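Dear colleague,

Please find below the structure that I am handing over to you. My account of what was found in it follows directly after.

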There are 2 protein chains.
Amino acid sequence: MTEVTEAPKPRADFGRRIRQLRRDRDWTLAEVAERSGLAISTISKAERGVISLTYDRLSQLARGLEVDLAAFFNAEGLSFEPGAFAVARKGDFKRQETQNYVYEMLFPDMWNKAMTPMMGSLKARELVDFEDFVRHPGQEFLVVMDGVVTVFVEGRAPVRLETGDSIYFDSAVGHLYASDGERDARILVVCAPGSGG
Amino acid sequence: MTEVTEAPKPRADFGRRIRQLRRDRDWTLAEVAERSGLAISTISKAERGVISLTYDRLSQLARGLEVDLAAFFNAEGLSFEPGAFAVARKGDFKRQETQNYVYEMLFPDMWNKAMTPMMGSLKARELVDFEDFVRHPGQEFLVVMDGVVTVFVEGRAPVRLETGDSIYFDSAVGHLYASDGERDARILVVCAPGSGG
DNA sequence: ACAATATTTTTCCAATCGGAAAATTTCCTT
DNA sequence: AAGGAAATTTTCCGATTGGAAAAATATTGT
């Protein structure tokens, strides 16, 4: 073997990283090919650093692996205590009352969480206090656990969500929730902070 | 289908982003070509989305622009644009089957989310496949929507969660879910990536 | 151990990228 | 406005990628 090789190829590392992502998910090349729309051979070669994927293919592959494209390049670091772990039992929430809502923060003792999950109850009411939208940096995810909820997002038509429906949005945009109908509603809200965590 | 605020030509957006980075620095194509070792024409085409750069070229270009490769993809605006907004209705999830679970990612079309919410169904079964824990960087939050679930976290005693209970943990630690009892269980899982990615 | 199956790698060629140089457009300077 | 220089886009073509299918390797079942 006289041939080869040059200095350490960056794309070989990159390939290993992709392979790792795939194996983490216990997927075969065929499976990822299916999900991404790429050919099996293409993924195989990319993982071994034989070829250098184009932006288009990287993009497809990211979707196939269900990761953000950025995740390919980011070295991961933990901002949160390794191994941290907490359980919240149905009853024992810490109650927080806001003007419009009653919230229960789920893991109040745990700091530096990347997400803040809260259970909320929305009282049945005809009239909503429209005075002020809530705004805060980050993203927000809401699922209706019970009842019917109307979500008002600034600049958009109100969205009516029934039990099981969910919504995901930029929480910097003014928003407001209200129970629709006669019953109280129960929601789960998860917030992620603005940038990075 | 989930509604997402737009997602047109990905590489055209990407090209504009690169061009912006160059202009921010007041550099000409020739200058970036010099710094990166790429041809002027190549950069020109890439900036206009005429071609799709390979990983190798992207890598070179990043060096030339003196940015981290991740910066190409990180900066907000690529996919999760300010004001982004999506609704997922109870039925229309995108189904994904894993060896152990059946889950449905909630907003598959929306990229760069700070959180990844998924609905999952755990089949009633007596025996769990213990072979391998799942591990991935980031944090994870799980609520039991229906049924009883046992969560196995590596190095800890199994945790039994009933409907309404939830758990929050470092997903780098091996973990595994199983339905307990005779009924199928339904869970909501929200993942947050490692750090910013 | 063997066969059957599943998964990955290799091969081959069409499609696309990437670079040098020419053509075009933009931006001065007078 | 016109001429000239700088910057960008287009053209042309060799180099590399990406896909289909075959070959090789790994895994599973009996």
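**Strand pairing in chain A**

Strand β6 (residues 149–153) of chain A pairs with β7(A) in the antiparallel sense, over three bridges. Please note that this is a predicted model. Within this pairing, A:V149 is found opposite A:L161 of β7(A).

The two strands belong to an open sheet of three strands in chain A, ordered β7-β6-β9, in which the pairing is antiparallel. Its edges are formed by β7 (159–161) and β9 (175–179) of chain A, each of which pairs on one side only. On average, and ignoring direction, neighbouring strands of this sheet are turned by 25 degrees against each other.

Strand β10 (residues 185–192) of chain A takes part in further pairings. With strand β4 (residues 116–122) of chain A, β10(A) forms an antiparallel pair over seven bridges. Strand β5 (residues 139–146) of chain A is likewise joined to β10(A) by seven bridges, and these strands run antiparallel. One residue of β10(A) appears in both pairings: A:V190 stands opposite A:P117 and also opposite A:F141. As general background, strands of a sheet pair through backbone hydrogen bonds, either parallel or antiparallel.

**Helix packing in chain B**

In chain B, I would draw your attention to α2(B) and α3(B), which pack with their axes 8 Å apart and at an angle of about 115 degrees. The two helices, α2(B) and α3(B), are therefore roughly perpendicular to each other. The crossing in which α2(B) passes α3(B) is right-handed. On the α2(B) side the contact involves B:L29, B:A30, B:V32 and B:A33, which meet B:I40, B:I43 and B:S44 of α3(B). Sorted by class, this contact between α2(B) and α3(B) comprises six nonpolar residues, one polar residue and no charged residues.

**The surface near DNA strand D**

Which residues come nearest to DNA strand D? Of the 20 residues around this strand, they are A:A39, A:S41, A:T42, B:L29 and B:S41. B:L29 thus appears here as well as in the contact of α2(B) with α3(B).

Both chains contribute helices to this surface: α3 (40–47) of chain A, and α2 (29–36) and α3 (40–48) of chain B, each supply at least two residues. The largest share, six residues, is that of α3(B). In terms of class, the surface near DNA strand D consists of eight nonpolar, eight polar and four charged residues.

With kind regards

Methods: Residues numbered from 1 in each chain as written. Chains lettered and ligands numbered in written order. Predicted model: local features only at pLDDT ≥ 70, side-chain atom pairs only at ≥ 80, totals over all residues. Near = placed C-beta within 6 Å. Helix = DSSP H or I, 4+ residues; strand = E, 2+ residues; numbered from the N terminus. Nonpolar A, V, L, I, M, F, W, Y, C, P; charged D, E, K, R; others polar. Pairing = 2+ DSSP bridges. Axes fitted to C-alpha atoms, helices over the stretch in contact; angles between N-to-C directions. Parallel < 35°, antiparallel > 145°, perpendicular 65-115°, else oblique. Left-handed = near helix turned anticlockwise from the far one by under 90°. Contact = placed C-beta atoms within 7 Å.
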